[in-house]
Amino acid sequence: MYNKCNHIILIICSILLTVLFSANTSALELPRIEEYKLDNGMRILISPNYDYPTVYCHLFINSGEIYDTLYGGSLSDMMYWSMFDGTTKYPTKIKIKEKIRELGDDGGRFNTRIMDDVECEIGSYFLKEDIKPALELYAEIIQHPTFLMKGNFWEKLIVKIIPKGNFYNKWNLSNMHLSDLYINHKIKIHPKFYKKIKSQDLQNWHKSIIQPEKTTLMITGDVNYLYVKKLINDYFGDWKSLTAIPEKPEYKININDASGNKIRFVNMINQPDAEIRIVVRSASIDEDWYFSSELAKTVFGWGNLGRLATIHEKLNKYGELKQKSSRTLPFNWTRIEGNINYNNLSTFYELITSEFNKMSSSSISEGDLISAKKIRSNDMKSNLNEPEAYTKFIQRAYNINGFSLEEIEASFDKINNVSLDEINNAASKIYDPNNFILLVMGNQDSCATFLEQFDDVEYYEQAEELRASASSP
């Protein structure tokens with residue numbers, strides 16, 4: 001009787017905590033954002049805030065390395081970084097750096113420059129009085145890059161030579177092999193170790209993937225709305241698409257299709273530690289279990305918190321260990337990655353699979369759920385307090401949710417309305433101990449004992465081209 005009463009009291013307390021948390025949690029109210037589109041399809045977000053002494057300008061372009069199947073992303077990456085090497089008005093990298101220095105950055109660079117699988121970004125702070133030259137510089141870089149290096153004849157003819165290391169370093173190998181394992185889409189590793197890419201190749205690729213209808217410009221801070229709107233039209237209104245946007249590759253999803261675990265090893269003789277990647281499928285934003293999926297991932301590993309951090313503690317915090325997500329594919333994929341001491345490989349794998357089994361067995365408690373909601377809620381709201389964090393938060397959410405500011409506000413309530421059953425169901429889908437991808441890269445001799453426990457390991461050498469498989473499309 002005593003135990004039964006205690007159990008009932010615990011349930012009532014949990015319910016009261018949940019109700020109390022929900023009652024004290026106000027909905028996410030975004031600051032004022034003016035939203036419109038130019039005639040060319042470019043989206044504009046302007047968020048005036050006169051409490052900020054500066055202006056943050058941020059371009060978000062929904063194009064990235066995923067389109068570049070021939071060069072495994074290297075052409076896209078090279079094109080993006082070469083945009084900052086010279087434009088029609090600013091013919092050299094030095095001229096661009098001088099201009100950005102004039103606008104207040106003593107390093108002569110932008111605050112944010114990123115190219116990823118599916119997007120690229122450019123962002124920086126400016127003084128209110130410099131908004132006009134800042135927007136002019138942004139327009140020059142994305143619309144009028146020249147892709148011409150200054151120097152001798154061969155430097156002009158051939159922009160870059162991609163060295164062997166660019167294809168066979170651990171980062172490229174990780175992305176190529178995981179892409180192949182996850183979606184059976186071959187991103188070819190070039191067998192000749194290098195490839196000459198000409199200026200015209202970069203120009204053609206730029207016209208293909210940097211286009212106005214795939215671009216969102218957001219400006220945050222002390223701006224006059226009517227004035228900045230006119231500037232945007234002056235500098236971006238005549239930007240026209242010159243070519244058809246290439247289609248994304250077709251995908252065949254291989255996770256959570258009852259096909260079991262897939263294990264691949266890449267022999268990298270000089271690797272000091274084992275590089276490990278475990279990939280699981282999580283929900284995309286248009287699936288009904290997206291918010292429960294996000295909370296389940298928070299319980300498993302958010303920053304330096306969660307169950308992944310406990311595993312890291314048991315490994316004496318050696319090396320790096322983190323969980324990260326990608327929206328490269330029609331479905332989100334989440335991966336646990338890190339460098340693990342060879343001697344700890346088996347221990348790490350046992351700890352991970354043990355935690356996967358727990359996550360798949362309704363081990364998330366009401367307390368875990370409440371903490372996860374608070375973590376994600378605090379993160380959302382804290383992003384509203386500083387121009388750069390706020391702008392990036394809005395841009396990334398806006399560009400993956402179908403371009404809806406209302407959905408960003410609604411996401412706060414949706415994540416706080418997830419039930420205990422929903423988060424446990426999501427965890428059982430994501431952390432399925434019988435269905436994930438394992439990629440290990442390292443010295444084969446040092447990994448031999450660990451690999452012996454698996455029956456169907458696919459072995460690759462570091463510089464080996466991806467092999468065709470029967471399941472490939």
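This briefing covers a six-stranded sheet, the helices packed on it and a few single residues. The model is predicted. The sheet is open and mixed in its pairing, and helices α10 and α12 both pack on it. Helix α10 also packs with helix α15.

**The sheet**

- The strands of the open sheet run in the order β11-β12-β10-β13-β9-β14, with mixed pairing.
- Its edges are β11 (321–326) and β14 (457–461), each of which pairs on one side only.
- From one strand to the next, the twist averages 20 degrees.
- Strands pair through backbone hydrogen bonds, in either a parallel or an antiparallel sense.
- Strand β10 (residues 274–282) and strand β13 (residues 437–442) are paired in the antiparallel sense, over five bridges.
- Within this part of the sheet, Arg277 has Leu439 of β13 as its bridge partner.

**Helices on the sheet**

- Helix α10 (residues 290–300) packs on the sheet and touches β10, β11 and β12 (332–340). The direction of α10 makes about 10 degrees with that of β12.
- Helix α12 (residues 345–359) also packs on the sheet, where it touches β10, β11, β12 and β13. The direction of α12 makes about 15 degrees with that of β10.
- Helix α10 is mostly covered, with eleven of its eleven residues buried. Among them are the charged residues Glu294 and Lys297, as well as Tyr290, Ser292, Ser293 and Thr298.

**Contact of α10 with α12**

- A pair of packed helices is described by the angle between the axes and the distance between them.
- The axes of α10 and α12 come within 12 Å and cross at roughly 140 degrees.
- The two helices are therefore oblique to each other, because an angle has to be over 145 degrees to count as roughly antiparallel.
- The crossing of α10 past α12 is right-handed.
- On the α10 side the contact involves Ala296, Val299 and Phe300, which meet Ile352, Glu355, Phe356 and Met359 of α12.
- These contact residues divide into six nonpolar, no polar and one charged.

**Contact of α10 with α15**

- Helix α10 packs against helix α15 (residues 405–416) at an angle of about 65 degrees, and the axes are 9 Å apart.
- That angle makes α10 roughly perpendicular to α15.
- As with α12, α10 passes α15 in a right-handed crossing.
- Phe291, Glu294 and Leu295 of α10 make the contact with Ser411, Lys414 and Ile415 of α15.
- The residues of this contact divide into three nonpolar, one polar and two charged.

**Single residues**

- Met78 lies in helix α2 (residues 74–82). Its relative accessibility is 12%, so Met78 counts as buried.
- Met78 and Met115 are 37 residues apart along the chain, and their C-alpha atoms are separated by 9.8 Å.
- Most residues other than glycine have a negative phi.
- Ser362 is not a glycine, yet its phi is positive, at about 55 degrees. Ser362 sits in the loop between α12 and α13 (366–382) and counts as exposed, at 52% relative accessibility.
- Phe403 is likewise not a glycine and has a positive phi of about 65 degrees. Phe403 belongs to the loop between α14 (387–400) and α15. With a relative accessible area of 27%, Phe403 is partly exposed.

How values were computed: Residues are numbered from 1 along each chain as its sequence is written. This is a predicted model: local features need pLDDT of at least 70, side-chain atom pairs count only at pLDDT 80 or more; totals for chains, interfaces and linings use all residues. Side-chain values use heavy atoms; hydrogens and water are left out. Two strands pair if DSSP finds at least two bridges between them. Helices (H or I, at least four residues) and strands (E, at least two) are DSSP runs, numbered from the N terminus. Axes are lines fitted to C-alpha atoms, for helices over the stretch in contact, and angles run from 0 to 180 degrees between N-to-C directions. Contact means heavy atoms within 4.5 Å. Angles under 35 degrees count as roughly parallel, over 145 as roughly antiparallel, 65 to 115 as roughly perpendicular and the rest as oblique. A crossing is left-handed if the near helix is turned anticlockwise from the far one by less than a right angle, and right-handed if clockwise. Buried means under 20% relative accessible area, exposed over 50%, partly exposed in between (1.4 Å probe, protein chains only).
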